[in-house]
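Trainee: I have a new structure to look at, and I keep tripping over the terms. Could we go through it together?
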Amino acid sequence: MIRLAGLRIRALFGFYAARIRQHPVQEMLAGAGIAVGVALVYAVMVSSASITGSAARVVEGVAGHAQLQVTARSDQGFDQRLAAEIRALDGVEDAAPLLRSNVMLVGPDGSRSTQMVGVSPTLAALGGELGPILADGDALGTGLAVSEGVAESLGVASGGSVELRADGRARMVPLSVLSPEVGGALAGSGAVVTSLRLAQRYANRDRRVSQVLVQTISGRRPAVERELERLAGGFANVTGVDAELAALRQATKPNDQSTQLFAAIGVMVGWLISFNAMLFTVAERRRFVTALRLEGASPRQPLTILGFEALLLGVLASGFGLLLGELLVRLIFDDVPDYLAFAFPVGSGRDFQPSIVVLCFLGGVLAAGLDAFYRGQAESREEIAPRTGRFLLWTALAVVAATTVVAVAVPAVTIVGGITLAVAAMLVMPVAFRFAAGWLERVTGSTSRLNMLSVALMELRGPTTRGVALTAVAAVAVYGSVAIGGARDDIVRGLDSHTRQWLSNADLWVTTGGQDLMINSFTAPDLDRLRAAEAVAAVRVHRGGFLDIGDRRLWLIGRPVDSPTMIPASQMLDGDIEQATARLRAGGWATASAAFANERGVEVGDRLRLPTPTGARSFRLAATTLNFGWIPGAVTINNRDYADAVGTVAPSALEVDLAPGTSAEAGRQAVEAALGPASGLTVQTRAEREAQYYDFGREGIARLDQIAALLLLAAALAVACALAAAAWQRRPRLAALKIQGATRTQLWRAMLCEAGVLVAIGCTVGLTLGVYGHLLAGRFVRSATGFASPFTLQADELLLAGGFVAVVALAVSAIPGWFAAGASARASFSE
Amino acid sequence: MRLELREVVKRYRSGTETIRAVDRVSLTVAPGELVALYGPSGSGKTTLLLTAGAMLRPDSGAVLADDRVISALPESKAAAFRRDNIGFVLQSFHLMDSATIADNAAIKLVLAGMPPRRARRLVRPWLERLGLGERHAATPARLSTGERQRVAIARALANDPKILLADEPTGSLDADRSRDVLRLLRDLTRERALPAIVVTHDPEAAEVADRTLVLRDGRLTDAGTLPRPVGSGTGP
């Protein structure tokens, strides 16, 4: 029979069962705190890993044994004969061409921008999981094959037709649905698949491909790579098949870091919630230990009992937390960000990683263990001595100072500073308590109007571990929300400002219509006919696309030379905007995101070399800029240089100025009429395009909003539960006050005042440090993302974060508080 | 003020059974008279005390203070009556841990609407009389058990009550401290002409009480079994 410290396992279970019967609410609260922390971390880690994981599965499933790839440097692709030449190379086992093209699908229930992948039968030879399926004409049908989710969102059943818009043309094409079993990882993604031949026809890329996957004979890779470089001849990139994943990781890194910081703060809040619950039973546990010792228990036996209980609580709470986290992933964090889908092969598939489950589970058990350790050490209702409070305050100030120094010196580690500031918020609490209580006491001391607040203050004068832990929950949650939420709002404002400037160039925008960066080129419509329309004053050609350089998928922008704005002023960093504009118009000059320019060691006036589809080209750097809202960065040249460099005159957007006095709607109708009914292009007013961009900009950081809301809600409910539990536990004392003549309403008001003061202290400390955290986080975000995000304090946002926690906590705790205030007088005789 | 209980009955339900915690008790306590109430656990002492203090409403009978029926007052009026007229001393003290001694003693005055600073000033003489004047700014955690009991007494007396009720006021004290507290209660009762009921197990109480009564199964009986009963409590 297994025994621990001489105790049977069954007896240990019995002790815990008795404890749950005795303190079900406190135990549930402790478990809920751990579960909340585990759930947030799990959900964030899984959803972050799933973006890159799903992309990896798609890449691996398609590429199979291929190690190398040749990729086009623009969406125009390259001649497919290159695939045959590659296959014929010595050392090449097999090679398969693909054509990837961004398209738009329009069905009865909605539209969707997505990537169309054209595959050839040779793909099957590479041995990838998806190869044989994708190369199977029967599975693909005679048109487009899409996942069940895509078909559903469009409102088209298998065998139906969908409108496909590609290269500026619209056509109806048959649709088939890939079942999950058939489509594997790809079925979970938003991509649509078709045969190479059809893809070339739909995208108007006759005999063009954008990628050739290459499987080399063992040991021949270096030689093949050299041969591929020769064949690519400077107009295509030769890389490993996983190069795209590195670019995806680079693009998602800042967002992942911010999300992880939020999750870390979520863990702290979760642990504090659990710690709070534990504190309610410290005195009782100490009595239990003493009683056991008096009964003859060895010193190890009470510890074994406490440790076993912590282990059980940790296991149960962590298990529940994992389930809750899974629910979050499925219900809230399951969206595939469109801002990545048009640039990378991301899918919505889940990426199950046992390491994440184990990590979260062990973390939860460890948190329960820490609680149990404290429970054996301290007296929760004991006042924290003023001296200890001062020591903690100095420690907090030292932490803030050290965080500042480190964040200024090494911005990359600001993320750690986010956590240390949260710790500082907790350390500040005892002194904040004394200060607030002392100040309020002076205010209320001479008046009889705030008597119930005075009664509350009597209870609060000395900060106790329990009071501090309770306020710390509110403080840390509000801190996290304000710091990260503030930085997030700065980004949004910066992006919005950029969008307004960017789109103010024209009254109407003609694009392929997707929610993207206007990087999809299309065959130009009859521009003369468009210009001749009565409502139209001017039409300018904007060009844009991606350019892979190292790990960066850069946004290459070709601005019309006749545009009033070549570079939005909000994006300028180093250089004179007038001069830079003139230079861009003249040609041979470029502006580049500062991070990219720094990486290449290029300064204003220096030559910047870009590997373009027509070979390497040099531009002189006219200015450095922020990154135009695209994390990997942007390079701007004029549209003529763009056409030369990319080898196409195809626009990716048309900027239309309307004749004076023409309304946007009338202008749109005139332009649509000029484009003709067969056009697959979308005409949008400036306001419509702006609205689309606002959504687009917010989508990338939507996860932060979701976690912030969850964190605040969890904290508010936890504070409410802790307040309610504290009120309930205090019933004998409330009954005693009743005997002294207090009415139920008076007691209830006093408890509300006490709760209000506690929450207000927590929220104030959280807000104060949150604003400072916002300052540091904003600095980090600007350096990591290159977004224009000027620091702005928004009083309404601050009040919303603090007010939400306060109102929910008070409102929820008010109900049990009312019942506690109705305690029978007999309760005061029960102790 | 005179405290009078007339044929008071208080019942409780325990499962399917109805228990008469207080069974037709009649008792009159004159101003300045201290009654010591003994009885085994579960005999109904606490119920009787709560009923006498307008905390519990009797099922039948009445509690009167100077001929005013206080047992039928609605809850808010009963609370106000307690706040203004009754001093309760509880065995468990129920002091506020974080509040100072002065705050604890002044709580009734603050509940009655007095500004806290003034309430603290008013209770200072009581604290000084009880030997706590020097420690008025300390918290209960720094006091001995006897000192805490004296704070509870100061709290009971802060509103200058007309009736004094005490539940095991010496239950947590050693013999010397118990004697001190009981004598203090007797002195205060006489000095301020308060009717007082002290529920106790302490034989010393019988020495200081004017009358000694015993409650058994909810009924008052004489005190013949007590060690050294004083007074001639005969009930109504």
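Mentor: Gladly! Let's begin with the interface: the area buried between chain A and chain B is about 3,100 Å², and carbon and sulfur atoms give 57% of that. This is a predicted model, where local features need pLDDT of at least 70 and side-chain atom pairs pLDDT 80 or more, while totals for chains, interfaces and linings use all residues. Residues are numbered from 1 along each chain as its sequence is written, chains are lettered from A and ligands numbered from 1 in the order written, and side-chain values use heavy atoms, without hydrogens and water.

Trainee: What makes an area between chain A and chain B "buried"?

Mentor: Buried area is the accessible area (1.4 Å probe) that two parts lose on being put together, summed over both. The size of an interface is often given this way. In contacts, meaning heavy atoms within 4.5 Å, 36 residues of chain A meet 36 residues of chain B.

Trainee: How many salt bridges does the rule find across the interface of chain A and chain B?

Mentor: Zero. The rule asks for a side-chain nitrogen of Lys or Arg within 4 Å of a carboxyl oxygen of Asp or Glu.

Trainee: How do you know that Cys753(A) and Cys763(A) are not bonded to each other?

Mentor: A disulfide needs two cysteine sulfur atoms within 2.5 Å. The sulfur of Cys753(A) is 16 Å from the closest cysteine sulfur, in Cys763(A), so the pair is too far apart for a bond. Cys763(A), likewise, is in no disulfide. Over all chains, the structure holds zero disulfides.

Trainee: Why is Cys763(A) called buried, and what is Cys753(A) called?

Mentor: Buried means under 20% relative accessible area, exposed over 50%, and partly exposed in between (1.4 Å probe, protein chains only). Cys763(A) has 6%, so it counts as buried. Cys753(A) has 24%, so it is partly exposed. Of the 831 residues of chain A, 59% count as buried.

Trainee: What makes Leu323(A) exposed?

Mentor: Its relative accessible area is 61%, so Leu323(A) is exposed. Leu323(A) lies in helix H12, residues 300–331 of chain A; helices here are DSSP runs (H or I, at least four residues), numbered from the N terminus.

Trainee: Which nonpolar surface patch does Leu323(A) help to make?

Mentor: One of about 580 Å², together with Phe320(A), Leu324(A), Leu327(A), Leu331(A) and Ile332(A). Patch residues have over 30% relative accessible area and no salt bridge, with nonpolar side chains (Val, Leu, Ile, Met, Phe, Trp, Tyr) joined within 5 Å and like charges within 9 Å.

Conventions
Accessible areas come from the Shrake-Rupley method with a 1.4 Å probe; for residues, only the protein chains shown count as cover. Helices (H or I, at least four residues) and strands (E, at least two) are DSSP runs, numbered from the N terminus.
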